[in-house]
Amino acid sequence: MKIAMLTSECNPLYKVGGLADVVYSLSKKLIELGDNVVIVVPYYKNGSTHFDYEPKKICEYNIFMSWRKQYVGLYEYKTNGVTFYLIDNEFYFKRDTYYGWGDDAERYAFFSMAAVEALMAVKFRPDVLHIHDWQVGMVPCYIKERIDSRTDFYHKTKTVLTIHNPAFKGMMDKYCLNNYYGLNDRLFDNGIVRFDGQVSTLKSAIAYSNIITTVSPTYRDELLNYSTSQGFKYCLELRKDDFYGIVNGLDIEEFDPKTDPFIHRQFNPRSYILGKKQCKADVLASLGLSPKEKDKNNPLVSMVTRLYEQKGMDLVVQIIPELVQRNCFIAILGSGDPYIQQRLEKLRDKYPNNIALYLGFNNQLAHKLYAGSDLFLMPSLFEPCGIGQMIAQRYGTLPIVRETGGLKDTVVGYNPISNNVKKANGFSFIDYDLNGLRYACNVALDTYFNNVEAFRTIIHNAINLDRGWENSAKKYQEIYRKALLK
């Protein structure tokens, strides 16, 4: 099959979150399985790009956004067998950050329209156009309502939407339908793209795509539940027979403790005890946490995350003093809500011998934390899939998660009462409150301190999991085949 991925970020060029990992890893695996895949992404020029060589300019053209005549430079870049098409326009994409600008709706309207034209320019006629999240959510509508009236290029192309994070809905004023996309107001008036009195590009994608997916079976069910649907229950209910949940995989080449160049000592499932011990000593030293000899075996609890309520940070700041009382070291890598950052900084200042805080992102430190920690905290309010918990498991670091979305689908929590130690690969709790998190942390720490055999069995279960992309990629191929029958 010929598949075109449309996305606002993608490894190894641009990454903010898990979306970049998913699109790249899935594309690589699909190519290995015999598909012809290209990725279309903005050509951001903000100094944080990662190119091995200068992308090749293919052509340039203009698109019209109402009264705007906008330049498009189209570039090609190939790496690891993947072909990228980069959409260049410095007015929209030469900025300090990728997201968070007041004109994001306009920027990604430009990208969506330019990407549609780009595939025509390079004569890549996709069997499947796979779009990701709100930034390109208007593409299926735009093709059907605008492009199909002037060319049959996309006549046989089917569209697949993957919802990674529906908290971001692509909201914009009704006026933008025509002002950006040249679309008729009737699409708003008849309700097909209307959401809470505005246009939602994500709702448009749900309505117009042939197939809809999200990134775990449990999260698919949660999106059909009113209280956890982010407002999309009713429009997804109409499409439930075309709606599927597929758990993300991992890039097992990047996240492999046997070959990871960032960690102090590489290890495998047979040598993890010594390997993790040395990695732990290294990461504690690099963080400025120098334990006394008697404290060196105390547990290191880490987080690599965005510092927002969705990630459970309101619970985390409450549980930290209790973890310190239980002689834990705590390392947090991330950035986000300034209020949460301030609360964490106060806790670090109060417990400087136990807490390390790195505000921002550091890929090498992230790998060190995955390899050197004993426990990985991920008590999310909601989590469509989550990748951190799977990376942690691959490095023998046991996740503590809330049973929601993909966390429920990927972590089997240890229950000392039922003694499910042969199946457990982490620790979990159900209710989103401090008592729930406290329970899971206490089970994890009691097991760590008092039942070494069980703790090592759970590590063994986790570190030997198959988290590669092959099974998930084959499920996407099945989805594509379903779409082609629509």
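Is Asp133 buried or exposed in this predicted model? Asp133 is buried, with a relative accessible area of 8%; buried means under 20% relative accessible area, exposed over 50%, and partly exposed in between, for a 1.4 Å probe and protein chains only.

Residues are numbered from 1 along each chain as its sequence is written, and side-chain values use heavy atoms, with hydrogens and water left out. The model is predicted, so local features need pLDDT of at least 70 and side-chain atom pairs count only at pLDDT 80 or more, while totals for chains, interfaces and linings use all residues.

**Exercise 1. Describe the overall dimensions and make-up of the protein chain.**

Step 1. Count the secondary structure: the chain has 18 helices and 18 strands. Helices (H or I, at least four residues) and strands (E, at least two) are DSSP runs, numbered from the N terminus.

Step 2. Check the radius of gyration. A compact globule of 486 residues would have a value near 23 Å, and the protein chain has 23 Å, which agrees. The radius is taken over C-alpha atoms, and the globule rule is 2.2 Å times the number of residues to the power 0.38.

Step 3. Take the extent: along its principal axes, the C-alpha trace spans about 75 × 50 × 45 Å.

Step 4. Turn to burial and surface. Buried residues make up 60% of the 486 residues. The accessible surface comes to about 20200 Å², with 47% of it belonging to carbon and sulfur atoms; areas come from the Shrake-Rupley method with a 1.4 Å probe, and for residues only the protein chains shown count as cover.

Step 5. Look at the contacts, meaning heavy atoms within 4.5 Å. Among those between residues at least 6 apart in sequence, 72% join residues at least 24 apart.

**Exercise 2. Examine the backbone at Pro12, Ser66 and Asp133.**

Step 1. Recall the usual case: most residues other than glycine have a negative phi, and most peptide bonds are trans.

Step 2. Begin with the peptide bond from Asn11 to Pro12, which is cis, with omega near -5°. Pro12 lies in the loop between strand E1 (2-6) and helix H1 (18-32).

Step 3. Ser66 is not a glycine, yet has a positive phi of about 55°. The residue sits in the loop between strand E3 (56-65) and strand E4 (68-79) and is partly exposed, at 38% relative accessible area.

Step 4. Asp133, also not a glycine, has a positive phi of about 65°. Its loop runs between strand E6 (128-132) and helix H4 (139-145).

**Exercise 3. Locate Lys296 and Lys368, and state the burial of each.**

Step 1. Lys296 is in the loop between helix H10 (272-286) and strand E13 (300-307). With a relative accessible area of 40%, Lys296 is partly exposed.

Step 2. Not counting residues up to four places away in sequence, Lys296 touches Lys280 and Pro291. Lys296 and Ile143 are 153 residues apart in sequence and 60 Å apart in space, C-alpha to C-alpha.

Step 3. Lys368 belongs to helix H13 (residues 363-372) and counts as buried at 14% relative accessibility. Leaving aside neighbours within four places in sequence, Lys368 contacts Phe262, Ile263, Asp282 and Val283.

**Exercise 4. Assess how far helices H13 and H7 are covered.**

Step 1. In H13, 8 of the 10 residues are buried, among them His367, Lys368 and Tyr370.

Step 2. The buried residues of H13 pack against H10, E13, strand E14 (329-336), strand E15 (355-359), strand E16 (375-378) and helix H14 (388-394).

Step 3. In helix H7 (residues 201-208), 7 of the 8 residues are buried, so H7 is largely enclosed by the rest of the structure. Those buried include Lys203, Ile206 and Tyr208.

**Exercise 5. Classify two helix pairs by packing angle.**

Step 1. Set the rules. Axes are lines fitted to C-alpha atoms, for helices over the stretch in contact, and angles run from 0 to 180 degrees between N-to-C directions. Under 35 degrees counts as roughly parallel, over 145 as roughly antiparallel, 65 to 115 as roughly perpendicular, and the rest as oblique.

Step 2. Helix H11 (residues 313-325) and helix H12 (residues 338-350) pack at about 10°, with axes 11 Å apart. They are therefore roughly parallel.

Step 3. Helix H16 (residues 434-450) and helix H17 (residues 452-463) pack at about 115°, with axes 6 Å apart. This pair is therefore roughly perpendicular.
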